[in-house]
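Please examine the sequence and the model shown here. The paragraphs that follow treat the nonpolar core and then the pairing of the strands.

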Amino acid sequence: VREAMADATNNQPQPLENGEVNVFPNPVRDQLQFVLPDRIKAGHLRVFDSLGRPVIDQLLQWDSPVQMVDFGDQPAGTYFYEIRWNQERRTGRFMKQ
């Protein structure tokens, strides 16, 4: 998982065009941002802890390619995500401090 590239003018992650998903910041403390391909308008997000237990399972609908998720209540550790939309699926991992 890479950090998203930030726009120099507003320090915001930029939308991706190649189907890639980025997590920002990594490691996360409170607010986790998923930067998604610009063409995605709805999908399904699942986040699992290091033991494979689901900690987030939600449908996503957004007007922006950057989806914010509150992660402040989760304990520190390694987490894995899966995002599905249409017939596509992306997975990755990130750290919580």
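In this predicted model, the largest nonpolar core comprises 18 residues. Those with the most contacts inside this core are Phe34, Leu45, Val47, Phe71, Tyr81, Ile83 and Phe94. Four strands, β2 (31-35), β3 (42-48), β4 (54-61) and β6 (77-85), each contribute at least two residues to this core. The largest share, four residues, is drawn from β6. In soluble globular proteins, nonpolar side chains tend to be buried together.

Phe71 illustrates the surroundings of one such core residue. When residues up to four places away in sequence are not counted, Phe71 touches Val28, Arg29, Asp30, Leu32, Val47, Val55, Ile56, Tyr79, Phe94 and Lys96. Two of the core residues named above, Val47 and Phe94, are thus among those with the most contacts inside the core and also touch Phe71.

The strand pairing may be considered next. Strands of a sheet pair through backbone hydrogen bonds, either parallel or antiparallel. An open sheet of three strands follows the order β1-β2-β5, with antiparallel pairing. Its edge strands, β1 (22-24) and β5 (66-70), each pair on one side only. On average, neighbouring strands of this sheet are turned by 25° against each other, direction ignored. Within the sheet, five bridges connect β2 and β5 in the antiparallel sense, and Gln31 stands opposite Asp70 of β5.

A further antiparallel pair is formed by β3 and β4, which are joined by seven bridges. Here His44 has Leu59 in β4 as its bridge partner. The hairpin of β3 and β4 has five residues between the strands, and Gly52 in this hairpin adopts a positive phi near 85°.

Notes: Residues are numbered from 1 along each chain as its sequence is written. This is a predicted model: local features need pLDDT of at least 70, side-chain atom pairs count only at pLDDT 80 or more; totals for chains, interfaces and linings use all residues. Side-chain values use heavy atoms; hydrogens and water are left out. A nonpolar core is a set of buried Ala, Val, Leu, Ile, Met, Phe, Trp, Tyr and Cys residues joined through side-chain atoms within 4.5 Å. Buried means under 20% relative accessible area, exposed over 50%, partly exposed in between (1.4 Å probe, protein chains only). Contact means heavy atoms within 4.5 Å. Two strands pair if DSSP finds at least two bridges between them. Axes are lines fitted to C-alpha atoms, for helices over the stretch in contact, and angles run from 0 to 180 degrees between N-to-C directions.
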